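Reader: Hi! I'm in my first year and still learning to look at structures. Could you pick a single part of this one and take me through it closely?

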Amino acid sequence: MIHRPLRRRTVLGTAAAAATATLAGCSGAADRPAAPRRRKKGEKIHLSFWSWVPGIDKPVDLWNRTHPDVHVTVEKVSAVNGQQYAKMHAAIKAGNPPDLAQIEYPVIPSFLLDNGLYDLATLGAARHRKRFVGWQWQQSVFGDGIYAIPQASGPMGLFYRHDLFRKWGLAPPETWDAYEAAAAVIREKGAWIDTFAPTNGNRFAGLAWQAGAAWYSARGETWTVHLDDAPTRRVADYWESLVKRKLVKTIPDRQNAWYKDIQTGAVPAWIGASWGDALLAGNAPATAGKWRVAPLPQWKKGADAQANWGGSTTAVLAGASYPEDALDFALWLNTDPRSVALLIDGGYGFPGAVKGYATTDLDVDRAFFGGQEYSKVFADAGAHVDTAWKWGPGVDTLYQRLGDAFTRALADGTPFRAVLADVRRATVTDLRNKGLDAVSGA
């Protein structure tokens with residue numbers, strides 16, 4: 001079987017919309033097809049795997065015990081401010097990448113620009129598609145290529161302090177209008193319903209996703225960036241209003257000041273993702289039994305529009321020494337019931353696999369949530385995510401620009417709509433600087 005590395009003149013298709021766009025640029029040594037190295041029967045080999053997933057060592061140890069001929073060594077990489085990706089890109093450019101790496105869905109296109117990922121379609125990966133949640137599988141499919149194996153996603157929901165909401169006569173808000181009304185009541189009680197975290201581009205993207213946004217589209221050889229489309233403007237306007245009325249805080253979430261607010265009840269709710277259960281339980285243990293999970297508020301009452309925050313894959317890098325064995329490990333890691341159970345125990349997110357676990361298995365912190373089978377909320381959300389959403393190249397840079405621009409806007413009063421327009425224009429320039437055809441969309 002011949003490996004087809006993604007050329008910088010190769011079509012990168014947005015499969016969900018049956019559209020395509022070319023990654024333009026110069027071809028180099030990495031573009032030349034090469035036959036994968038195959039392990040001989042009985043030969044013992046070593047594979048390297050870079051990851052930041054909590055508890056990833058346990059399933060890898062299980063693999064090593066049950067697959068003695070293919071030893072996988074984990075190297076933990078820092079996920080703070082994208083440090084893991086800077087290290088990976090540097091390794092790719094230096095010609096010494098690991099065999100496998102943990103890569104989030106939004107940044108896969110950036111690795112394709114570096115010719116950094118092995119096309120698993122050439123190894124027959126397509127036959128495993130039905131073992132995974134459909135929309136998660138598609139996040140790593142571009143054109144005819146398959147560039148990663150799904151591991152987990154982060155369907156979104158509303159974490160809230162049941163005891164305080166009940167004390168204040170509040171029900172979990174079913175609509176964004178009701179959320180705004182609840183925010184006003186909570187502020188009167190001396191607390192804030194949540195924070196608008198300016199540097200959290202992942203969460204803002206999820207909220208835009210839920211509202212019906214589509215930040216990237218492609219036609220022919222041209223990428224169009226729609227960062228300030230009508231749904232995204234609606235989300236920005238909504239949160240700008242809450243900020244101006246001082247109904248929400250504006251501190252970063254998942255940092256020390258925010259954790260203190262979560263612990264004390266100063267912030268009694270958080271719009272988060274399924275993996276947030278471990279985060280809350282681990283950082284606010286004194287509030288055990290007081291939290292619950294509800295679905296995301298809806299823009300239209302009775303609707304069921306959902307979205308995703310985060311999620312990642314196990315990718316085989318283009319320089320993998322034994323790509324077939326690397327693919328075997330990636331599939332085992334993310335589908336074997338024993339491995340999935342260990343990953344769930346570590347709090348890795350909502351599984352990409354469709355079998356090998358029960359939804360209630362994900363209720364690792366059920367006692368913290370007052371006995372609620374809270375993962376059913378996230379299972380339903382994951383089943384109703386808008387599958388038309390597709391990531392494009394340069395998302396990691398887009399997030400950085402968005403965070404910087406929102407931070408400045410909070411300081412100087414720049415309208416949030418202007419933030420979106422500025423970042424959209426900068427993103428188009430970034431893509432053009434990478435050799436892509438890119439334009440601004442409405």
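**A small-group look at one sheet**

Author: Happy to! Let's begin with one pair of residues: Tyr 216 has Val 225, in strand 10, as its bridge partner. Keep in mind that this is a predicted model.

That pair belongs to a longer match between two strands. Strand 9 and strand 10 (residues 222–225) run antiparallel, and four bridges join them.

Now widen the view to the sheet itself. Three strands make up this open sheet, in the order 9-10-15, and their pairing is mixed. Which strands are the edge strands? They are strand 9 (216–219) and strand 15 (437–440), each of which pairs on one side only. From one strand to the next, the twist averages 25°.

What packs on the sheet? Helix 15 (residues 416–433) does, and it touches strand 9, strand 10 and strand 15. Compare directions as you turn the model: the direction of helix 15 makes about 170° with that of strand 15.

To place the sheet in its wider setting, you could also look for the largest pocket, which has a volume of about 1500 Å³. Among the 44 residues that line this pocket, Ala 79, Asn 81, Glu 104, Asn 202 and Arg 254 are the closest to its centre. Helix 14 gives the largest share of the lining, six residues. By type, the lining divides into 19 nonpolar, 20 polar and five charged residues.

Definitions and conventions. Residues numbered from 1 in each chain as written. Predicted model: local features only at pLDDT ≥ 70, side-chain atom pairs only at ≥ 80, totals over all residues. Heavy atoms only, no water. 1 Å grid on protein atoms, 1.4 Å probe; cavity = no way out; pocket = protein on both sides within 12 Å on 5 of 7 lines; lining within 4 Å. Points joined across faces, edges and corners; volume = space filled by probe spheres on them. Nonpolar A, V, L, I, M, F, W, Y, C, P; charged D, E, K, R; others polar. Pairing = 2+ DSSP bridges. Axes fitted to C-alpha atoms, helices over the stretch in contact; angles between N-to-C directions. Contact = heavy atoms within 4.5 Å.
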